[in-house]
Amino acid sequence: MVVVSLESVSGGSLNEAKIHDQVYEALSEALIQGKIPPLKPVSLRTLAQNLGVSPMPVREAVRRLIAEKALELQPSNKRLRVPDLTEKRLMQLMTARQWVEPELARLATPRVTKDVIKRLREDDAAVMTALGKGDVAAYMQANQDFHFSIYRLADADLFYDMARTLWLQVGPFMRVVFGRMGTVHLPKDHHQDMIRALETGDAETVKTSMAADIHEGMELMLDAIKAHVAPEPKRRRRG
């Protein structure tokens with residue numbers, strides 16, 4: 001089921017451009033959170049109904065998402081879907097993420113404040129709570145919050161937009177893979193290492209910890225694609 005929502009839109013209170021932006025953000029968040037399942041066709045009309053808006057702003061948002069390769073239009077039935085994720089494409093996404101996101105983390109390090117550290121600890125605590133409960137949806141949200149709390153600090157709009165685009169393409173498949181495995185079987189994350197390095201201003205350790213965190217998550221997805229079956233659970237390592 002496609003689950004998207006758009007809060008705070010009321011017909012007379014927002015201009016057309018604002019509605020277009022909010023629709024795009026709502027669809028983007030749904031993709032990043034894996035709420036739009038891969039390869040399942042969906043119509044513009046269905047998306048518009050779910051969001052409570054006319055098809056026009058949805059059409060504009062979809063054009064942007066197609067350009068970002070987060071959605072594709074099927075010529076046979078004119079329906080939208082999340083494109084298939086091949087091993088080759090996933091390898092490219094992995095390489096891109098391991099370059100862009102660690103660099104964002106490095107650039108963010110000098111801008112970290114005590115309030116940011118507090119927020120990151122809260123985000124990581126939410127990650128661990130979700131892991132303990134086996135709540136994939138909560139894990140996806142908390143993990144995104146942690147990463148983008150860092151990325152927003154980098155003051156590097158180009159890199160930030162690249163990271164968002166990469167997450168748009170990965171999110172739906174991350175949700176499927178982690179949902180099959182169960183969060184209890186996810187590998188060790190490196191959030192605590194990052195927080196400690198951010199506190200001391202150690203930008204290089206922040207960068208390497210972020211790269212390791214991304215690598216492990218993407219490796220799980222790669223294993224699943226190579227197997228072409230539901231992946232076997234992996235034990236979380238102690239540490």
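A salt bridge is taken here as a side-chain nitrogen of Lys or Arg lying within 4 Å of a carboxyl oxygen of Asp or Glu. The structure is a predicted model, in which local features need pLDDT of at least 70 and side-chain atom pairs count only at pLDDT 80 or more, whereas totals for chains, interfaces and linings use all residues. Residues are numbered from 1 along each chain as its sequence is written, and side-chain values use heavy atoms, with hydrogens and water left out.

By this criterion the structure holds 13 salt bridges. In one of them, the side chains of Lys118 and Glu122 meet at 2.7 Å, N to O; both residues lie in helix α5 (residues 114–133), 4 residues apart, about one turn of the helix, where helices are DSSP runs of H or I with at least four residues, numbered from the N terminus. Glu122 counts as partly exposed, at 42% relative accessibility, given that buried means under 20% relative accessible area, exposed over 50%, and partly exposed in between (1.4 Å probe, protein chains only). A salt bridge also joins the side chains of Arg121 and Glu199 (2.8 Å, N to O). Because Arg121 lies in helix α5 and Glu199 in helix α8 (residues 191–200), this pair ties together parts that are 78 residues apart in sequence. Arg121 is partly exposed at 36% relative accessibility, and Glu199 is likewise partly exposed at 47%. Salt bridges that share partners further join Glu25, Glu29 and Arg164 into one network.

Helix α4 contains a salt bridge between Arg97 and Glu101, whose closest N and O atoms are 2.6 Å apart, and these two residues are separated by 4 positions, about one turn of the helix. Both partners are buried, Arg97 with a relative accessibility of 4% and Glu101 with a relative accessible area of 0%.

The largest nonpolar core has 70 residues, and those with the most contacts inside it are Leu27, Val58, Ile150, Tyr151 and Met221; such a core is a set of buried Ala, Val, Leu, Ile, Met, Phe, Trp, Tyr and Cys residues joined through side-chain atoms within 4.5 Å. The largest share of this core, 10 residues, comes from helix α7 (residues 157–181). With neighbours within four places in sequence left aside, Ile150 is in contact (heavy atoms within 4.5 Å) with Ala105, Ala108, Leu120, Met194, Leu198 and Met210. Ala108, found in helix α4 (residues 87–108), is buried with a relative accessible area of 0% and, with the same neighbours excluded, is in contact with Ile150, Leu153 and Ala154.
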